[in-house]
Each structure stands twice: as C-alpha cells, then as structure tokens.
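New to this one? Take a look at the sequence and the model below, and then let's walk through a few of the spots worth finding.

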Amino acid sequence: MPDVHSLVNDFVNQLKKRKIEGSQATAKQAAELLRSVISQQRVPQTNQATALINAVRAVGEKLIAANPVELAVGNIVRRVLHIIREEDLSLATAAIAGLELSPGSDDEDDVERDDYPVLSAAAVAAAARSTLRPPSLQTLLEDTPISAANPHTSSSGGDSEGKSRSVDKSSRGRKLKHDVIEAVNELIQDISTCYEQIAEQAVEHIHQNEVILTLGSSKTVLEFLCAAKEKKRSFKVFVAEGAPRYQGHLLAKELASRGLQTTVITDSAVFAMISRVNMVIVGAHAVMANGGIIAPVGLNMVALAAERHAVPFVVLAGSHKLCPLYPHNPEVLLNELRSPSELLDFGEFSDCMDSASGGGSLHVVNPTFDYVPPKLVSLFITDTGGHNPSYMYRLIADYYSADDLVVKRRPATGS
Amino acid sequence: MEVKDQAMNSKQKKEKSSKAERRDLQEAQRAAKAAVKAEGNKPSGSVTSVNLKSAKAAKPPQKVDNTSIAASEKKGGDRPSEKDRKKDVPHPRLQYDDKSRVEKAKRRAVVNQTEARNRVELFRHLPQYEHGSQLPDLEAKFFQIDPVHPSVYKVGLQYLSGDISGGNARCIAMLQAFQDAIKDYAVPPEKTLVRDLTAKISSYVSFLIECRPLSISMGNAIRFLKSRITKLPPTLSESESKTSLQSDIEHFINEKIILANKVIVNHAVTKIRDGDVLLTYGSSSAVEMILLHAHELGKQFRVVVVDSRPRLQGKVLLRRLVEKGLSCTYTHVNAVSYIMHEVTRVFLGASSVLSNGTVYSGVGTACVAMVAHVYHVPVIVCCEAYKFHERVQLDSICSNELGDPDVISKVPGREDVNLLDAWANTENLQLLNLMYDATPSDYVSMIVTDYGMIPPTSVPVVVREYSREQVWM
C-alpha cells in the first residue's frame, strides 16, 4: 500500500507541475498507475467491485484535481471504472449460468440453493439485461438499478454459507481482479497502438498531388502522413509553425527527413495559403462529447479559414482522448494560460511600465488551447474508424458508464 | 508605329549591343508602358519613348514592377487605345520562371543577388533571392554607382536593412530623396528636362526596387511625380521647373499623407466610445495616431495588440502606447479567437485597398478580420486615399512579396527551438515568408479615408473620380 501511495503522489506532483506532455503519455501513465492500485487493493469477500471502484475513485479524484485541464487523466479513470463494472457484470452472469448448469454439486442446501439462484438470478439477469443488451422497451420497463442488484446478491450469498459458495466467492473475487487487470492491460495496449490503427486509414483519405495543411506538431499526424507516403502517394505539406511553442518546426524537420515535400509557414499566413490547400489534418488534445475539440491554440482560426474556403478539416484522435463531458465555456474553463515570457521578455517592457504618467498597464495573454466547435470539424478519424462529429456522443456509451461522470467518492456507500 | 519609330531613332543615338535584342525588349515594354499613361495623359507617345529609352538604360528588374503595375492598372483603366490593347494581350511581365528573361535581367542588375536555393514552387512567379547577400555588395559598389544620387542610395539601403518600414514612412522617405535628387539635378546639354529627368527618376526607381520591391503606395507616388514632370510647361526655365517640382512633392506629402492622416484620425475617433476594447494588428501609423488622439481626448478604452512572427511589429506599437499611458493587452495571432469575445472594435491599417474592395495589408490581417467577422465585431480599415489602386486581386498568391526565409528558422531569444538552422541543406524543406495578404472585402465593415468613411465597394469610385481628373493637387 505505501508503495502505491508514493506512486500516486509522484504522479500527482508531475501533473501539477505540468511535467508530463501529451495526452498519450499521460493516459498511459495513469492507466499503469491505476493498474498498480487495483492489483494492490485488498478486496473483501463481498462487494469486490464496489471496493475496487471506491479505491479507483479515490485515486482518480486526486489525479483529476491535480490537472483538470488534462482531460486524458479523467478519461482513463472513467474507463477503468467502466471496466470494473463491466467485468463484474460479466462475471455475475457467468456465475449465474454456471450455477444453473451445475445443480448436483452440493446436495445439502437444496432449499436455500433453490431460493438463492432464483432470487439472485432474477435480479442479476435483470441487471445484465439492462446493460449488456441494447435497450428495448421491455428492459426499460423492468429496469432495476445495478447497485440494488449487487447488495442483493451479496446479502443472499451471505445467507447461504455453503462451502461451494465461499469457494465460489473468493475465486470470483480473485477472478474479478484478474479480469480487470487484464482489461486494463488491453487498454494500455490500445493507447500505445492507436497510432498504427489511425495511420492505416491514411490511404483512404490522401490521394496523389494533394496539398495538406497542419499546425503545430502531433505524433498522430506524423504517423498518418508517413503511412500515406509509404503507400507511394506523393503530396505536399504546409506546416504552420504554431507559435509560441514552435512545434511546427519539429514536425517539418521530421517530415522532410522522411522524404515529404514540406514548407514551413508562419501562423499569420494560414489564411493566405489555405486557398491552395486540399485538406487540413490536425491532432487534438481532447474530444468532447458534443464533437467539439480542445486543440492547440490557433486551430480555431485554421478551422474558420478552412470553412470559408470549403476545405475539409480532419481531426485525428485516439479513443483515449474522447471525454464524456460536454463543454461549457471551454475557452476559459478548459484552458490554461502559459507564461508571458514566451511572448515578451521580462526585461523588455519594464522601463515603460512604471512611468510617472499614471502609466499604462500591460497585460499579456498566452492561452494554450483553443476550442473548435463541432460544426467546423468535417471528420474524426479514430482507431475505431472515421466518424462524424455528431456521432461522438454515441461512442461514449462504449467506453464509459453513466455513473462515473462525476468522479467523486460517494460518502453514503461505505467502503 | 510612330512610337516605335521614335524609339528606334533615339536608340540610334546610343551605342548599345544588338539591335534585335533592344527591339524585343522595346516592343515588350512599349505595350506595357503605354497603359501607364493611358488614363488621360495625352502626350503618351513621347513619354513612352522616353520610358523605353530609360528602360534600356535601366536595369530590367524595373520592368517587373513597372509592367506589373502597368498591367494591373490596365485592367482597371477605362480607355487604353485599341492598338495598345491588342498588343497588350500576351502580357510580357517578367515571370521569374522564365529562364532567359531572368538571365538578361541578372546581367544588367546593379545589385548581385543570388537566388534562393530552396524555392517554393507555388511562388515561382515572384523573385526569391537570398537575403543578406545584397547589403555588402551594395556597400562595396558605393563609389562606383554613378547614376544613383546619394540620398536615393541611402534610402535604398534603409529599405534593405529594414530600418524604414511601413507604407507611409517608405513613401515619404523616397519622395524626400527624390526632392534632393531634383535639387541637385542639372539638365545635360542637348537633352530636354522632361525626358531626361523622367529617365533619371526611372533609374532611381529601379534601384530602389532591387533593394526592396515597391509598395503600392510608392508606385502611386511615382506615377504622380512622373505626371507632374510631363505636365511642366516648356516655357519654364530649368531652375523654375525644379522648384516647381520640389514644391509639388512637398505638397503631395503634406496633403496626401500628413493632412490625410489628420482627417482620418478625426473621423475615426468618432467611432470610439467609452468602455470600448479595441483590437489592432501589427503596427500601423494611422491606427497608432487614432489611438493616441482618442486617449488625449480623454476617452476610456483598452487596446489589444495582436502580433505575429517574424517581424513582431506589434511590440513597437505596444511600447509607444504603454508609454503614453494606455492600458494594453498583448497577444499573438494564434490567440485571436480567444481574445475576440471581449473585443468591441477592430482597427486595421492597410498597405493598399484594391478596386474590388480587397484590403492588401501585412500578412495575418486576413486572419484577424475573419475571426472578427465570425464574432460579429466591426472591422474598420484606416487607409489614405493615395494608397488606393485600380488593380484587382482575389487571393494572396498571385502577387505578393517574399521576405527572407531565414528569419522564420531563427526564433530570437528561444534557443531551444532553433531546430531549423540547417534548413537550406535539407532537400525537401522550404521556408516561406510572406509579407502581404489579401483580406476579402466582405470581412471589412468600413474604410476610413481622407475622403470620408466609405464602404469597401466605393473604393473603385474614389479611384476613378479623384485620380482621373488630376485632383492630385
């Protein structure tokens, strides 16, 4: 336990000091950290899932609070919570199926056993139906909440103290953790390989003699373009430098070294050049539930220019960037202001700042992110394929549960 | 035809290389030059022949600018003669992807310019030279360049090094240098003042072009000067002509630039209310005057200065505003959509406004105007009327100026991002430094000029009415 605590604290500190760059790296580290938390968490005989959920929630709350703007952390926390719930449910349904199939294992507690499967099976089956099957009118009408089902099964499980039952429970507990950890490993694997899956789709979108515009630098975009180049498509790339971080220079150098015709332009020249561009391809920092994106600063301007010239604006994003929250005032609330020294040297204006003429005040604004509304985005390319911005809310149901949108430890259900 | 004969005659006076070569150049330029004076200067024949002669003496890069100005003027000019129009059709502008013409131009150039190695394909029609190679060359040649008057030379060097920038400043500097040159000018024997002086001015202009391509306002000023020269009554003596010309230039500067700025400021401050947040981009002399004047009048407002690489002119403006006591916010062009929701008005300067309402201004202006339009913020462009031009342009690619690409690779003060230092050696990498861009007219709400506050659609009307009838004075 102390080991995990120190790991968590380290990660929280790194997040607070913004030492980790990029949503992919953050997501991976968060997932690995949560995996350690889960593996070290002692699960009681009953309510395993709830215990795990509460443990993850506690850690998750700290992580999210450390850097609220880094949405990937929250995404991973919610993904893990969803994984726990899913695994628990699938184990429960498997257990039910197993119980029904093995009636002759224990002859003693026939009566209780007859009761138990009936009661819990009904409840669990109802719960299973409501989540594992697509919603239909029947399930909506007979919907029973999951949390009610769980204590129900566990309490009735506590009543019947059959040996097979206890063996079953503890093995079930271990199996839950095992399954969850396996699923989290899969998640980490997905995060690492999202580039390849997105890059596979490059050939469908880039043809010969195209001109592509991008701003700043994104590893996803780099892999995407290089994959198209591998397939012998010849095209040109304009890279806007992306002040004040100038990551466009990095990307341009990388692309040129891989053999692509690259031109570096300043951000102010985007409107001038976009009339000769066929497609704008960019990466995003996060994708919100309404299909809007949080992107490096300057991309809203590029998106508006692309709309004006009817140039498709394509966003590449791994599924770990999809956030189940809807943005409210994202320019302010989901934004970070960086140091003004990137724009103005500290010493440059100090002389005229304190002049006696009641001096003017000087205020420097250096935001990190821009919000691009969904109507400006033409297409999302994720590792699950291409999607319209209006479809992104539907993907949330695949990855997240509705209970996890607010990651706060619930005071009522004790751990 | 008589034009051509005149030209042939004058040609024989000088000893030059092959006649056929001359004739080719001549025919090409005659058609273009005719249109320069086609708007109503009737003595076009003599002028064009003079121009031809001067063009032969001058460096062919002049052809680029004059023909480009001429060609574009021709599109808007009402009545070029039928003959000229027919011959104008295959328009012989010096395109820089035409190897033979470029070779000829280089041979006669005063300044040796090496072409940039990694040229952007899209801009092959514009000159792309390696900067930094001209200044030492010019300095070495200082004592050898006879035809160039020292003040003109000085102004050329100032353009080259970037000491003078901004449409008004460049125009005023050039005109004042011409004033000095005219003052020291003496008509050689057997030559007429009109022709010879025009030739000299053209040679100065071509020198200045080599230092830095002309801005549109400078082109208009040169046109004005040449028209004044040709309008000189032949009865005046040489000294009287010279003083008349000098006072004309003085008058032009005062009325068209300085007084015009005052009128613009008076109009524009009526659009500033208390509590406004005004956004401006880059550094424009007109906008700066407006803001300072409004502050003097006691209006309470905030200013947002948006800046961009690589020239970072906004810092200069910012310093001047903060010193005078305005409260300012400073940001870069990428953040303009972040800051636009709190802005109430946008004031922009312009290098020129073209006849289809397009505002031709420093690169990045179009981005700012577009974002302002999306957020429903009025965009007010402040431009003196002498900068209007008959040319039309739809996008920023057909005609532009390319600056030094090295300034993009170097980020001053940030050593960690100097990754592109060896960019010239990388095969597939090009750097593009555009100087201007064209803002579509639907993004502009109003243009404040010395003729009043007009919508962008009225620009061709102003060009036609006020420049046609020689209401330059």
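What follows covers the nonpolar cores, then some backbone details. Keep in mind that this is a predicted model.

Let's start inside. In soluble globular proteins, nonpolar side chains tend to be buried together. Here, the largest nonpolar core counts 85 residues, and A:Val280, A:Phe313, B:Leu279 and B:Val346 have the most contacts inside it. Pick A:Val280 and see what surrounds it: leaving aside residues up to four places away in sequence, A:Val280 touches A:Leu213, A:Ile274, A:Val302, A:Ala306, A:Val311, A:Pro312, A:Phe313 and A:Val314. Another core, of 41 residues, lies apart from that one, and B:Val152, B:Leu157, B:Tyr204 and B:Ile253 are among its members.

Now for the backbone. Two cis peptide bonds are listed here, each with the loop that holds its proline.

| Cis bond | Omega | Place of the proline |
|---|---|---|
| A:Ala243 to A:Pro244 | about 0 degrees | loop between β2 (235–240) and α11 (247–257) of chain A |
| B:Arg309 to B:Pro310 | near -5 degrees | loop between β2 (301–307) and α14 (314–323) of chain B |

There are also positive phi angles to find. A:Arg18 isn't a glycine, yet its phi is near 55 degrees. You'll find A:Arg18 in the loop between α1 (2–16) and α2 (23–40) of chain A, and its relative accessibility is 33%, so A:Arg18 counts as partly exposed.

A:Ala310, again not a glycine, has a positive phi of about 55 degrees. Look for A:Ala310 in the loop between α13 (299–308) and β7 (313–316) of chain A. Is A:Ala310 buried or exposed? With a relative accessible area of 68%, A:Ala310 is exposed.

Definitions and conventions:
Residues numbered from 1 in each chain as written. Chains lettered and ligands numbered in written order. Predicted model: local features only at pLDDT ≥ 70, side-chain atom pairs only at ≥ 80, totals over all residues. Heavy atoms only, no water. Core = buried A, V, L, I, M, F, W, Y, C linked by side-chain atoms within 4.5 Å. Buried < 20%, exposed > 50% of the residue type's maximum accessible area, 1.4 Å probe, protein only. Contact = heavy atoms within 4.5 Å. Helix = DSSP H or I, 4+ residues; strand = E, 2+ residues; numbered from the N terminus.
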